[in-house]
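Okay, thanks for coming, everyone. Let me put the structure up on the screen and walk you through a few parts of it.

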Amino acid sequence: MKKLTMYLIVSALLLVVATPALALEKVRFGVPPWPGVEVKTEVVHQILDALGYPMQKLEIGPPIIYKGLVSDEVDAFLGGWIPQQNPMLDPLLEKKAVEVAQTNLDTARISLCVPRYVSEAGVKTFADLNKHADQFKHTVYNIEAGSGMNTNMGEIIANNVAGLGDWKQTGATVAAMLTQVKSMMKDHEWVVFGCWKPHWMNVTLDMVYLDGVPGTEKFASDSKVYTVVSVDLKDRHPQVYRFLKNMKVDAKTQSQWIMDYANRKIPADKVAADWIATHNDTIATWLDGVQAADGTDAMEKIKEKQK
C-alpha cells in the first residue's frame, strides 16, 4: 500500500512538471500603415510585454479591422478616426457589435493650412482664400486623388463653396506635397495646402489651420481617435481592457512620434522605447488599477523593466 501511495505521488509530481503552463491568449491589434497608429500600437505592445501579456499586431486596413472585430479575429484598434470612419463604425455600434473603450486622442484636426506669414496677412478662414486668389495662383495643394481629403476638396470646388469654383487642386503623395510646400515657404510664397494633426508637419512647419465655412464640413473638421475593441475584450482580457480604458495621448505627443518614425526614420520600437523610458508619470495614469499577468502591480513591472 505504501509503495502504491508513493508511486501515485511521484506520478502526480511528474505530470505537473511535464505539463507546460497554459499560455496566455494573445491580444490581437489591427494596425493600418499609418505612422501615428503604428508607433502608438508599438508603445502599447512594449507596455503589455513588460506586464506579461502577449500581443499580436495584424497589419491590415480599417475595413478588414472592423470586420475582424466582429468575427473574433481582431481584439483592438487604436486608430478609429472620427468622423472620417463613421460609415464603417456607426453600423457596428448600432448593433452593439463593437465597443468604443476610449477616445485615445481628442485633439485631432483636418483642414487647409497656410504659412503663418499668410495668416498674419489676413487669411484666417476658407472665406478669405478667394480674396487673394492671384497670390495663391488659384491652387490648393493636396494629397493624392482618391483620398477622402482630395475628394472632399473636389466637392468644395465643384460646389463653388467660398467662391473657390475656379480654383484647382493638385494631387500628390504626402511627402511630395510637403516637399512642394516647404520649398514655397522657404521662398516666402503664398501657399494653401491640406493639413492634419497629429502629423510631423505640425512639428516642422510654422503653419496655421484655416477655420471652415458652411459647405466645408466634410473637409475641415475637428476629429477624435477612438480605441475600438471587441465586445468581449473586457471579459477575455480584463486587465488589458482596463489599460486601454485609461490610455490617452495628445496631438503634440503623437506628432512627435510621427516626426521621429516617419520623417527621421527612427525604428518604431526605438521611438516607443525611448518615449516610455522618459514618461513614467503618464504611463502610471494609464496603468492605474491595472495588474500584471502575475497579479502584481503593473507599474512596478514597468520600473523593473527599466532597471
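**A strand and its partners**

Let's start with a single pairing: G30 has F77 as its bridge partner in strand β3. Before I go on, keep in mind that this is a predicted model.

So, where does that pairing sit? G30 belongs to strand β1, which covers residues 27-30, and β1 pairs with β3 in the parallel sense, over 2 bridges. On to another partner of β3: that's strand β9, residues 221-230, and here the two run antiparallel, joined by 5 bridges. If you'd like a spot to look at, find A76, which stands opposite V229 in β9.

Is β3 mostly covered or mostly open? Mostly covered: the strand spans residues 76-82, and 7 of its 7 residues are buried.

Now slide along to D75, in the loop between α3 and β3. D75 is buried too, with a relative accessible area of 0%. Which residue does D75 form a salt bridge with? With R236, and the closest N and O atoms are 2.4 Å apart. R236 is in helix α10, residues 233-236, so this salt bridge ties together parts that lie 161 residues apart in sequence. R236 itself counts as partly exposed, because its relative accessibility is 25%, and the buried class stops at under 20%.

R236 has another contact to show you. Its side chain also meets that of D232 in a salt bridge, at 3.0 Å from N to O. D232 is partly exposed, with a relative accessible area of 28%. Salt bridges with shared partners bring E25, R28, D72, D75, D232 and R236 together in one network.

Elsewhere, there's a salt bridge between the side chains of D211 and R109, 3.1 Å from N to O. This one links distant parts of the chain as well: D211 is in the loop between β8 and β9, R109 is in strand β4, and they're 102 residues apart. D211 comes out as partly exposed, at 41% relative accessibility. For the whole model, the salt bridge count comes to 17.

Last stop, helix α11, residues 238-246. Which of its residues are buried? V240, Y241, F243 and L244. Why do they line one face of the helix? Look down the axis of α11: these buried residues fall within an arc of 160 degrees, so they end up on one face.

That's my tour, thanks for listening.

Definitions and conventions: Residues are numbered from 1 along each chain as its sequence is written. This is a predicted model: local features need pLDDT of at least 70, side-chain atom pairs count only at pLDDT 80 or more; totals for chains, interfaces and linings use all residues. Side-chain values use heavy atoms; hydrogens and water are left out. Buried means under 20% relative accessible area, exposed over 50%, partly exposed in between (1.4 Å probe, protein chains only). Helices (H or I, at least four residues) and strands (E, at least two) are DSSP runs, numbered from the N terminus. Two strands pair if DSSP finds at least two bridges between them. The arc is that of the directions from the helix axis to the C-beta atoms. A salt bridge is a side-chain nitrogen of Lys or Arg within 4 Å of a carboxyl oxygen of Asp or Glu.
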